[in-house]
Amino acid sequence: MTRVDSLARARSLDRPDTAYVVRFAGRDGAVDIEQTWAELARDTAWTAARLRELGLAQGHRALLNGSGFEGPWLRPLMDALRELGVTYGIAEAMGWDANRTMVFARELDLHAVIGLPKPVLERLGDDEALRALLGVTPVVLARPDAAALLRLAGIPAGVISFLGPTLAIECRQKHGAHVNAAEWSVGELDGAITIVPTVGSGRCAQLGETVLTVRGSVDGDPCPCGSADPRVTFDVDQ
Amino acid sequence: MVSSERYLEPELETIAPADLREHQEKRVVELVGYAYERSAFYRELWDAHGVHPRDIRSLEDFQERIPFMDKAMVRDYRARNRDPYGGMLCVAPEQVTSVSSTSGTTGDPEFFAEIWQDAPPLITAQLRDLWEVGLRPGDRVISPPGTFRNLMDYGYQALGAVVVAVDTWLGNMEEVVEAARKYRPAYLQLAYPLVTELVHLSATHDLREAFSSLKGVSFAGQPLSRRMRQIMQEDWGVEVFEYTSAADTGTAWECREHDGFHLWEDTVFAECVDTESLGPAAAGQTGELVATDLDNLAAPLIRYRSSDLVRLSRDRCGCGRTHGRMWLAGRRGDETIVRGRPVTLRDIEQAVEAQPETLGGVFQVVRTQREVDALHVRVGYDPAVTDDLGALDERLRKAVHGATGVEPVLELRTEEDLMKTVRSVAKFARVVSS
């Protein structure tokens, strides 16, 4: 007679292979693809490895900023944090909810803030207030435009991007956000980032090379961190 | 005879009341010892009241001896001890899987420590309700906008549903309608701000056709007005399942009988308390919902005064379920006393919704204290259907006066202007200080 029993009953149900229909913005309009449970598991494993490299470990606390409709990107992060034994808190990614981010940051001795967006950042206060709130947080991964503002404020933030259908995460080197090369191939076209499933990944075969609405550049050289995953540097308006 | 297919957990949902009470008693007795040993907040509170777990051997002992607690007491403990969990945490902090929080519409959000495996606690407590709505493996669900009580996808997916992740926040309802046409979802969660946008969209979009695949739409965050429900059900053709908080221990949903909100009393021990005597409210009478978490090892609420005014019944529902149901009558403190006369939000709502220009029911009572000399009501109107603001002002004034007996001070703003003040994915603040 507990929630565990409800979940046990739910586990006995049939489950389709598809976990999500993922919608992302392409230059020519919205693009929808399906994401399977197997793909979600691979995304989680890759994300966990990135977060582990950033120093996240058992007993740490992290705050995630995200919206309910960002599940395909949030769930790999949440599952990765759970796998690492990191307790996560969650706050909306909307500017009017900045107080929630502030309360979590103030009260929970966070080791990481992940996914901080510009609308929230802009309501957290001036540079001095930002340094007081986030200056001692060991890992700050912000969305590209927010990361740029944080760096200007003297906070060495890394970049995390919900890049098309996948995550891009900067390592400690902070020379561009890594994309999982085993799953996705990224490129450039007229200053915009393109993405296509990597041959052999078995991922959404119907998706050809797609030009995203995101502008930036791609560096395919191995990173000093040791990863061969390509890195995306984002153009941001400040 | 109700088919067992209707229930996710037939034996539990239709459990004999005596068996349910036996389960509750066992859990409550265990819980009191567990919390006293592990929670500094409860130990301090109960010691101050001279209560020890050895005194609690039955539900009767529990109701007689264990003191009530409320959010203010937790906030006080939190401030005094610089403990983010307000002394409620019963496990080592590193054992906590996630921390969600209250909506935070009336102050700093307060934390809920959560421990889980497959899905977070709040959405897990909704699995039986989603099953009742009709959600089945392979169905599609459109993602909700908010995350403050954690990512709901885990629950939908636990039931085998596929989540269609499209932007469902304000300003994007046209995209949601298009996604509904394309993916034919079985379920969609809505909240007041989103319904207001859809009401406007219905002038140019055939929502009945777009939403024809939906087995149900849920609505939460604040009470759904009769007029809004009518629009959703009759104009859009969707079956609406309203749900509300089970005093922060979970949620309570309408079933297909739409006769009260079902509690899941294997997870919560619910009491209806007379707000004057603080004893049990008489059968059928409205009182305050007091809740005890029966399935929360992280930071259980124990005899928590919710401020929700409810009527509670344990009569078997037409759906066959035996768990208690409640009917919401409002929130303690929501009434405004205007020169001694009580005015409820419901009274104002009906007057506002009766005007075509303010059909969306977007209004706020502006007050700095509960007892006031004048009733200041801020109302949002739709400029597209408002020809004469003066005439609207006069009609509204008369309607509010007729419904409340009080001549209001009206402030008319465009609906869009007022919706910009939204500070929650679920709620539009009805009582504001400025």
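In strand β19 of chain B, the residue bridged to Leu375(B) is Pro408(B). I should state at once that what we are looking at is a predicted model. The pair belongs to a parallel arrangement in which seven bridges connect β18(B), residues 375–381, with β19(B). These two strands are part of an open, mixed sheet of four strands, ordered β19-β18-β16-β20 in chain B. Its edges are formed by β19 (408–414) and β20 (431–432) of chain B, each of which pairs on one side only.

Two helices accompany this sheet. Helix α14(B), residues 389–404, packs on it and touches β18 and β19 of chain B; the direction of α14(B) makes about 135° with that of β19(B). Helix α13(B), residues 345–353, lies across β16 (363–366) and β18 of chain B, and runs at about 135° to β16(B).

Chain B also has an open sheet of three strands, again with mixed pairing, in the order β15-β14-β17. Here β15 (341–343) and β17 (371–372) of chain B are the edge strands; each has a single partner strand, so one side of each has no neighbour in the sheet. Between β14(B), residues 336–338, and β15(B), the pairing is antiparallel and comprises three bridges. Within that pairing, Ile337(B) has Pro342(B) as its bridge partner.

I turn next to strand β10 of chain B, residues 268–273. How many of its six residues are buried? The count is six of six. Both faces are covered: Val268(B), Ala270(B) and Cys272(B) are buried on one side, while Phe269(B), Glu271(B) and Val273(B) are buried on the other. A charged side chain, that of Glu271(B), is thus listed among the buried positions. The partner strand is β11(B), residues 287–293, which pairs with β10(B) in the antiparallel sense over six bridges. Phe269(B), for instance, is bridged to Thr292(B) in β11(B).

Now to a helix pair in chain B. The axes of α9(B), residues 173–183, and α10(B), residues 192–201, are 10 Å apart, and the helices pack at an angle of about 75°. The two helices are therefore roughly perpendicular to each other. On the α9(B) side, the contact involves Met173(B), Glu174(B) and Val177(B); on the α10(B) side, Leu194(B), Glu197(B), Leu198(B) and Leu201(B) take part. By class, this contact holds five nonpolar and two charged residues, with no polar ones.

A loop residue deserves a remark as well. Leu214(B) is found in the loop between α11 (207–210) and β6 (216–220) of chain B. Why does Leu214(B) count as buried? The reason is that Leu214(B) has 21 C-beta neighbours inside 10 Å, and the threshold for a buried residue is 20 or more. Leaving aside neighbours within four places in sequence, the contacts of Leu214(B) are Pro185(B), Ala186(B), Tyr187(B), Leu188(B) and Val238(B). Leu214(B) is also 9.3 Å from Gly134(B), C-alpha to C-alpha, although 80 residues separate the two in sequence.

Let me move to chain A and the largest nonpolar core. This core has 192 residues, and Ala62(A) and Ala142(A) touch the most other members. The greatest contribution comes from α3(A), with six residues. For Ala142(A), the contacts beyond four places in sequence are Leu116(A), Leu121(A), Ala147(A), Leu150(A), Ala157(A), Val159(A) and Ile160(A). One of these, Val159(A), is also the bridge partner of Ala142(A) in β7(A). The strands concerned, β6(A) and β7(A), residues 158–163, run parallel and share two bridges. β6(A), residues 139–142, also pairs with β5(A), residues 112–116, in the parallel sense over four bridges; there, Ile114(A) stands opposite Leu141(A).

Finally, the interface between the chains. Contact is made by 43 residues of chain A and 54 residues of chain B. On the chain A side, at least two residues each come from α1 (3–11), β1 (18–26), α3 (71–84), β4 (87–91) and α4 (98–107). By class, this side of chain A has 18 nonpolar, 13 polar and twelve charged residues. Strand pairing also crosses the interface: β4(A) and β1(B), residues 98–101, are parallel partners over two bridges. In that pairing, Gly89(A) is bridged to Val99(B).

Key:
Residues are numbered from 1 along each chain as its sequence is written. Chains are lettered from A and ligands numbered from 1 in the order in which they are written. This is a predicted model: local features need pLDDT of at least 70, side-chain atom pairs count only at pLDDT 80 or more; totals for chains, interfaces and linings use all residues. Two residues are in contact if their C-beta atoms, placed from the backbone, lie within 7 Å. Two strands pair if DSSP finds at least two bridges between them. Axes are lines fitted to C-alpha atoms, for helices over the stretch in contact, and angles run from 0 to 180 degrees between N-to-C directions. Angles under 35 degrees count as roughly parallel, over 145 as roughly antiparallel, 65 to 115 as roughly perpendicular and the rest as oblique. A nonpolar core is a set of buried Ala, Val, Leu, Ile, Met, Phe, Trp, Tyr and Cys residues joined through C-beta atoms within 7 Å. A residue is buried if 20 or more other C-beta atoms lie within 10 Å of its own, exposed if 12 or fewer, and partly exposed in between; C-beta atoms are placed from the backbone.
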